[in-house]
Amino acid sequence: MNKQLFLFLSLCLAICLPGWAHAADLPTLSFSLGESEDPDAWFTGLKIIAMMTILTLAPSILIMMTSFTRILIVFAFLRQAMGTQQAPPNQILVGLALFLTIFIMMPVWQKIDTQALTPYLNEDITQSVAIDRAIAPLSSFMLKQTREDDLILFLGAAKMEKPAKAEDTPLHVLIPSFVISELRTAFEIGFLIYIPFVILDLVVASVLMSMGMMMLPPVMISLPLKIILFVLVDGWHLITANLLASFKM
């Protein structure tokens, strides 16, 4: 009976929705290239398609070409080292990492706006020049965070010679080199974060063993101590300050 009722309601919605949409005069959006003998019309349509494709890749660009990766991995290591499970929740960590990324990348984005976006909107430069100028500050930021060994690795894999200047490194080589360097740096910071918490766990476990309380899980004692220690040393301030310092701001 429930299945028949569900099918009946679905059929009613399918019949009624087109009428409601027509009655409400809802706006529609359509996109088509159509038939045209003008090559410029086709070129404009293809540029719109390319722009829509770039927008779908925006999250990947945010993750792979900014400071977001390092910050989020460090926060994940911090939460795991403290053993607080889902506190802070993932949404809080991702949001904090996002706003720290905006803060760190703001000088880069201001250069892009000043050197590329504003002149292009004022029609002072062409689109190709604007793209080159927009890439330059972002490449400069990534080069400062990328190890030379990682650049050499991907240059060798691409069978390319080492450029005379680091700024001449192509993006398809620079981006994966930057990501690998970010992962290494994030893991190094995560290891340093782990050390005091591991020492505290060992001390608590040793004390419980010496007292003969082997059935008591050490985490029940060490977790509150970790939290109070982290609060007393102003842990979030220290972590954030060291993250900012790691980007050579």
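**Helix geometry, burial and internal space in an all-helical predicted model**

A kink of about 30 degrees occurs at Ile195 in helix 8, shortly before the proline Pro196, where the bend at a residue is taken as the angle between axes fitted to the seven residues ending there and the seven starting there. The structure is a predicted model, in which local features require a pLDDT of at least 70 and side-chain atom pairs are counted only at pLDDT 80 or more, whereas totals for chains, interfaces and linings use all residues. Residues are numbered from 1 along each chain as its sequence is written, and side-chain values use heavy atoms, with hydrogens and water left out.

The protein chain contains ten helices and zero strands, and its pattern along the sequence reads α-α-α-α-α-α-α-α-α-α; helices (H or I, at least four residues) and strands (E, at least two) are DSSP runs numbered from the N terminus. Of the 249 residues in the protein chain, 26% are buried, the term buried denoting under 20% relative accessible area, exposed over 50%, and partly exposed the range in between (1.4 Å probe, protein chains only). Among contacts with a separation of 6 or more, 65% join residues 24 or more positions apart, a contact being defined by heavy atoms within 4.5 Å. The chain exposes about 17100 Å², of which carbon and sulfur atoms supply 70%; accessible areas come from the Shrake-Rupley method with a 1.4 Å probe, and for residues only the protein chains shown count as cover.

Despite the kink at Ile195, the end-to-end span of helix 8 agrees with expectation, because its 40 residues should span 58 Å at 1.5 Å a residue and its end C-alpha atoms are 58 Å apart. The expected span of a helix is 1.5 Å times one less than its number of residues. Helix 5 (residues 90-121) departs from this expectation, in that a straight helix of 32 residues would span 46 Å at 1.5 Å a residue, while helix 5 spans only 38 Å between its end C-alpha atoms. Helix 5 bends by about 55 degrees at Met105, with a proline, Pro107, following within four residues. The buried residues of helix 5 are Leu93, Ala97, Leu100, Thr101, Ile104, Met105, Val108, Ile112, Ala116 and Pro119. An α-helix has 3.6 residues a turn, so residues three or four places apart point the same way.

The residue at the bend of helix 5, Met105, is also one of the contacts of Thr66, a residue of the loop between helix 3 (58-64) and helix 4 (68-82). Thr66 counts as buried because its relative accessibility is 5%. With neighbours within four places in sequence left aside, Thr66 is in contact with Ile61, Thr101, Met105, Phe141, Phe178 and Glu182. Thr101, which is placed in helix 5, counts as buried at 0% relative accessibility, and its C-alpha atom lies 9.2 Å from that of Thr69, 32 residues apart in sequence. Thr69 also pairs with Leu183 of helix 8 (residues 171-210), since the two are in contact, and their C-alpha atoms, 114 residues apart along the chain, are separated by 7.5 Å. Leu183 is partly exposed, with a relative accessible area of 33%, and, again apart from neighbours within four places in sequence, its contacts are Thr69 and Ile73.Several residues outside the helices carry positive phi values or lie in connecting loops. Just after helix 5, Glu123 takes a positive phi of about 60 degrees, and helix 8 is followed by Gly212, whose positive phi is near 75 degrees. Asp234, a residue other than glycine, likewise has a positive phi, near 55 degrees; Asp234 is found in the loop between helix 9 (218-232) and helix 10 (235-246) and is partly exposed, with a relative accessible area of 42%. Asp168, in the loop between helix 7 (148-157) and helix 8, is partly exposed at a relative accessible area of 45%, and its C-alpha atom is separated by 9.7 Å from that of Ala136, 32 residues apart along the chain.

The structure holds one cavity of 30 Å³ or more, a cavity being a set of points, on a 1 Å grid over the protein atoms alone, where a 1.4 Å probe fits but cannot get out. About 30 Å³ of space lies in the largest cavity, with grid points joined across faces, edges and corners, and the volume taken as the space filled by probe spheres set on the points. The lining, made up of residues with an atom within 4 Å of a point, consists of Phe75, Leu78, Arg79, Met82, Thr84, Ala87, Pro88, Leu93 and Trp236. Helix 4 contributes the largest share of this lining, four residues.

Key: 1 Å grid on protein atoms, 1.4 Å probe; cavity = no way out; pocket = protein on both sides within 12 Å on 5 of 7 lines; lining within 4 Å.
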